[in-house]
Amino acid sequence: IDYFILHNLSKNSDGLLLSMWIYNPDPNNGGKLTFGPPWDHDLGSFEGNPSSRLTHRSDRLWYAQLFQDPWFVEQYQNRWAMWRNGILSDGGMNQVFDDLVAEIGGDAVVRDGVNNLTSRIDTVKAWLSSRAAALDEELNPDGLNVISFTADQTQGAPPLTVQFTDQSTVVDANAWLWDFGDGHTASQQHPSHTYLTSGFYD
(Lines give C-alpha, C1' and ligand atoms only; values in the text may rest on other atoms or scores of the structure.)
Protein backbone atom coordinates (compact mmCIF):
# COMPACT_ATOMS: atom_id res chain seq x y z
CA ILE A 1 0.00 0.00 0.00
CA ASP A 2 2.83 2.40 0.84
CA TYR A 3 4.36 1.65 -2.56
CA PHE A 4 1.16 2.74 -4.30
CA ILE A 5 0.76 5.79 -2.08
CA LEU A 6 4.26 7.14 -2.73
CA HIS A 7 4.21 6.53 -6.48
CA ASN A 8 0.65 7.83 -6.81
CA LEU A 9 1.51 10.97 -4.83
CA SER A 10 4.36 11.73 -7.23
CA LYS A 11 2.52 10.41 -10.34
CA ASN A 12 5.53 8.23 -11.08
CA SER A 13 4.46 6.52 -14.29
CA ASP A 14 7.54 4.31 -14.56
CA GLY A 15 7.40 3.19 -10.94
CA LEU A 16 3.83 1.98 -11.44
CA LEU A 17 4.52 0.13 -14.68
CA LEU A 18 7.85 -0.47 -16.41
CA SER A 19 10.10 0.06 -13.40
CA MET A 20 7.98 -1.72 -10.83
CA TRP A 21 10.14 -3.83 -8.52
CA ILE A 22 8.44 -6.96 -7.17
CA TYR A 23 10.35 -9.76 -5.49
CA ASN A 24 9.87 -12.72 -3.19
CA PRO A 25 12.19 -12.37 -0.19
CA ASP A 26 11.63 -15.96 0.95
CA PRO A 27 10.62 -18.19 -1.98
CA ASN A 28 11.41 -21.41 -0.11
CA ASN A 29 9.15 -20.69 2.84
CA GLY A 30 5.91 -19.42 1.37
CA GLY A 31 7.01 -15.78 1.38
CA LYS A 32 4.65 -13.19 -0.02
CA LEU A 33 5.54 -10.97 -2.93
CA THR A 34 7.07 -7.69 -1.82
CA PHE A 35 7.02 -4.28 -3.52
CA GLY A 36 9.89 -1.89 -3.30
CA PRO A 37 11.87 0.10 -2.92
CA PRO A 38 10.16 3.16 -4.46
CA TRP A 39 12.56 4.48 -7.07
CA ASP A 40 12.96 5.97 -10.54
CA HIS A 41 11.56 9.37 -9.58
CA ASP A 42 14.14 11.41 -11.50
CA LEU A 43 12.32 11.77 -14.84
CA GLY A 44 8.98 10.02 -14.40
CA SER A 45 7.41 12.07 -11.63
CA PHE A 46 5.77 15.41 -10.82
CA GLU A 47 4.37 15.86 -14.32
CA GLY A 48 1.23 17.55 -15.53
CA ASN A 49 -1.74 18.69 -13.51
CA PRO A 50 -1.34 17.60 -9.86
CA SER A 51 -5.11 17.28 -9.50
CA SER A 52 -5.57 14.83 -12.37
CA ARG A 53 -5.48 11.02 -12.39
CA LEU A 54 -5.80 10.66 -8.62
CA THR A 55 -5.51 6.89 -8.88
CA HIS A 56 -2.59 7.04 -11.27
CA ARG A 57 -2.12 3.93 -13.44
CA SER A 58 -5.04 2.20 -11.72
CA ASP A 59 -6.17 0.90 -15.12
CA ARG A 60 -2.91 -0.98 -15.75
CA LEU A 61 -1.89 -4.56 -15.00
CA TRP A 62 -4.00 -5.94 -12.11
CA TYR A 63 -4.31 -2.67 -10.20
CA ALA A 64 -8.00 -2.27 -11.02
CA GLN A 65 -8.77 -5.44 -9.08
CA LEU A 66 -7.06 -4.01 -6.00
CA PHE A 67 -9.03 -0.79 -6.11
CA GLN A 68 -12.29 -2.75 -6.45
CA ASP A 69 -11.54 -4.59 -3.21
CA PRO A 70 -13.28 -2.77 -0.29
CA TRP A 71 -10.67 -4.04 2.20
CA PHE A 72 -7.78 -2.71 0.11
CA VAL A 73 -9.49 0.65 -0.43
CA GLU A 74 -10.16 1.03 3.31
CA GLN A 75 -6.56 0.16 4.17
CA TYR A 76 -5.34 2.55 1.49
CA GLN A 77 -7.45 5.40 2.86
CA ASN A 78 -6.37 4.74 6.46
CA ARG A 79 -2.71 4.51 5.52
CA TRP A 80 -2.91 7.75 3.54
CA ALA A 81 -4.50 9.52 6.53
CA MET A 82 -1.74 8.20 8.79
CA TRP A 83 1.05 9.43 6.52
CA ARG A 84 -0.67 12.81 6.03
CA ASN A 85 -0.57 13.24 9.79
CA GLY A 86 3.19 12.68 9.69
CA ILE A 87 5.95 12.73 7.11
CA LEU A 88 3.57 13.35 4.17
CA SER A 89 2.02 16.45 5.72
CA ASP A 90 2.92 19.58 3.79
CA GLY A 91 5.33 20.57 6.53
CA GLY A 92 6.83 17.09 6.65
CA MET A 93 7.44 16.92 2.91
CA ASN A 94 8.94 20.41 2.85
CA GLN A 95 11.25 19.47 5.70
CA VAL A 96 12.50 16.42 3.77
CA PHE A 97 13.45 18.65 0.84
CA ASP A 98 15.09 21.24 3.10
CA ASP A 99 17.12 18.57 4.90
CA LEU A 100 18.26 17.02 1.60
CA VAL A 101 19.31 20.38 0.18
CA ALA A 102 21.24 21.15 3.37
CA GLU A 103 22.95 17.75 3.23
CA ILE A 104 23.89 18.08 -0.43
CA GLY A 105 25.40 21.51 0.18
CA GLY A 106 26.01 24.48 -2.09
CA ASP A 107 29.40 23.26 -3.31
CA ALA A 108 27.87 20.17 -4.89
CA VAL A 109 25.20 22.26 -6.60
CA VAL A 110 27.85 24.50 -8.16
CA ARG A 111 30.09 21.57 -9.06
CA ASP A 112 27.30 19.72 -10.88
CA GLY A 113 26.07 22.82 -12.66
CA VAL A 114 22.56 22.74 -11.23
CA ASN A 115 20.79 25.96 -12.13
CA ASN A 116 17.97 27.58 -10.16
CA LEU A 117 17.89 24.85 -7.53
CA THR A 118 15.85 26.87 -5.04
CA SER A 119 13.10 27.73 -7.54
CA ARG A 120 13.03 24.16 -8.83
CA ILE A 121 12.66 22.77 -5.31
CA ASP A 122 9.93 25.32 -4.57
CA THR A 123 8.08 24.21 -7.71
CA VAL A 124 8.16 20.56 -6.64
CA LYS A 125 7.05 21.48 -3.11
CA ALA A 126 4.06 23.42 -4.46
CA TRP A 127 3.17 20.60 -6.88
CA LEU A 128 3.25 17.99 -4.10
CA SER A 129 1.17 20.19 -1.80
CA SER A 130 -1.49 20.63 -4.50
CA ARG A 131 -1.55 16.93 -5.33
CA ALA A 132 -1.77 15.91 -1.68
CA ALA A 133 -4.71 18.29 -1.18
CA ALA A 134 -6.47 16.75 -4.19
CA LEU A 135 -5.83 13.26 -2.83
CA ASP A 136 -7.21 14.32 0.56
CA GLU A 137 -10.45 15.33 -1.13
CA GLU A 138 -10.57 12.13 -3.20
CA LEU A 139 -9.81 9.73 -0.35
CA ASN A 140 -11.72 11.48 2.41
CA PRO A 141 -14.17 14.07 1.06
CA ASP A 142 -15.72 14.56 4.50
CA GLY A 143 -12.49 16.04 5.79
CA LEU A 144 -9.11 14.76 6.84
CA ASN A 145 -7.34 15.71 10.04
CA VAL A 146 -3.92 16.77 8.83
CA ILE A 147 -1.09 17.71 11.17
CA SER A 148 1.19 20.27 9.53
CA PHE A 149 3.52 22.93 10.81
CA THR A 150 6.37 25.10 9.62
CA ALA A 151 9.52 26.54 11.18
CA ASP A 152 10.95 29.82 9.96
CA GLN A 153 14.47 28.40 10.16
CA THR A 154 15.88 24.90 10.69
CA GLN A 155 19.59 25.49 11.17
CA GLY A 156 21.98 28.07 12.52
CA ALA A 157 24.36 28.83 15.34
CA PRO A 158 23.05 28.89 18.92
CA PRO A 159 21.32 30.62 20.48
CA LEU A 160 18.82 30.04 17.65
CA THR A 161 15.25 31.27 18.03
CA VAL A 162 12.75 29.40 15.84
CA GLN A 163 9.18 30.51 15.17
CA PHE A 164 6.82 27.56 14.70
CA THR A 165 3.51 28.00 12.88
CA ASP A 166 0.64 25.53 13.15
CA GLN A 167 -0.93 24.87 9.73
CA SER A 168 -2.95 21.85 10.75
CA THR A 169 -6.54 21.26 9.69
CA VAL A 170 -7.85 19.35 12.69
CA VAL A 171 -11.55 19.59 13.42
CA ASP A 172 -12.32 21.25 16.78
CA ALA A 173 -8.67 21.50 17.85
CA ASN A 174 -8.44 23.54 21.06
CA ALA A 175 -5.18 22.44 22.69
CA TRP A 176 -1.58 22.07 21.55
CA LEU A 177 1.51 20.38 22.95
CA TRP A 178 4.84 21.07 21.27
CA ASP A 179 7.93 19.05 22.18
CA PHE A 180 11.04 20.86 20.98
CA GLY A 181 13.35 17.89 21.47
CA ASP A 182 15.57 19.55 24.07
CA GLY A 183 13.46 18.90 27.15
CA HIS A 184 11.23 21.95 26.66
CA THR A 185 7.58 22.06 25.60
CA ALA A 186 4.94 24.68 24.82
CA SER A 187 1.14 24.82 24.72
CA GLN A 188 0.60 27.82 22.42
CA GLN A 189 -0.70 27.29 18.90
CA HIS A 190 2.18 29.20 17.29
CA PRO A 191 5.12 29.11 19.72
CA SER A 192 8.69 30.28 19.39
CA HIS A 193 11.61 28.53 21.04
CA THR A 194 15.29 29.30 21.50
CA TYR A 195 17.79 26.47 21.16
CA LEU A 196 20.80 27.16 23.35
CA THR A 197 23.13 24.37 22.27
CA SER A 198 24.08 22.76 18.96
CA GLY A 199 22.50 19.44 18.09
CA PHE A 200 19.87 17.58 16.07
CA TYR A 201 16.38 18.10 17.47
CA ASP A 202 13.39 16.07 16.35
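Here are a few friendly notes on the predicted model shown above.

1. Let us begin with the overall layout. The protein chain contains six helices and seven strands. Reading along the sequence, you will meet them in the order α-β-β-α-α-α-α-α-β-β-β-β-β.

2. Next, the dimensions and the surface. The C-alpha trace of the protein chain spans about 55 × 50 × 40 Å along its principal axes. Its accessible surface is about 12700 Å², and carbon and sulfur atoms hold 53% of that.

3. On packing, 30% of the 202 residues in the protein chain count as buried. If you take the contacts between residues at least 6 apart in sequence, 60% of them join residues at least 24 apart.

4. Now the charges. The protein chain carries 26 negative side chains and 11 positive ones. The centres of these two sets are 9 Å apart.

5. Helix α4 is a good place to pause, and it covers residues 90-104. Its 15 residues should span 21 Å because each residue is expected to add 1.5 Å, and the end C-alpha atoms are indeed 21 Å apart, so expectation and model agree.

6. Which residues of α4 are buried? They are G91, G92, M93 and F97. Among the elements that cover these buried residues are the helices α1 (2-10), α3 (70-84) and α6 (117-139), along with the strand β3 (149-151).

7. Finally, look just past the end of this helix. G105 follows α4, and its phi is positive, near 85°.

Notes: Residues are numbered from 1 along each chain as its sequence is written. This is a predicted model: local features need pLDDT of at least 70, side-chain atom pairs count only at pLDDT 80 or more; totals for chains, interfaces and linings use all residues. Side-chain values use heavy atoms; hydrogens and water are left out. Helices (H or I, at least four residues) and strands (E, at least two) are DSSP runs, numbered from the N terminus. Buried means under 20% relative accessible area, exposed over 50%, partly exposed in between (1.4 Å probe, protein chains only). Contact means heavy atoms within 4.5 Å. Accessible areas come from the Shrake-Rupley method with a 1.4 Å probe; for residues, only the protein chains shown count as cover. Lys and Arg count as positive and Asp and Glu as negative; His and the chain ends are not counted. The place of a charge is taken as NZ of Lys, CZ of Arg, CG of Asp or CD of Glu. The expected span of a helix is 1.5 Å times one less than its number of residues.
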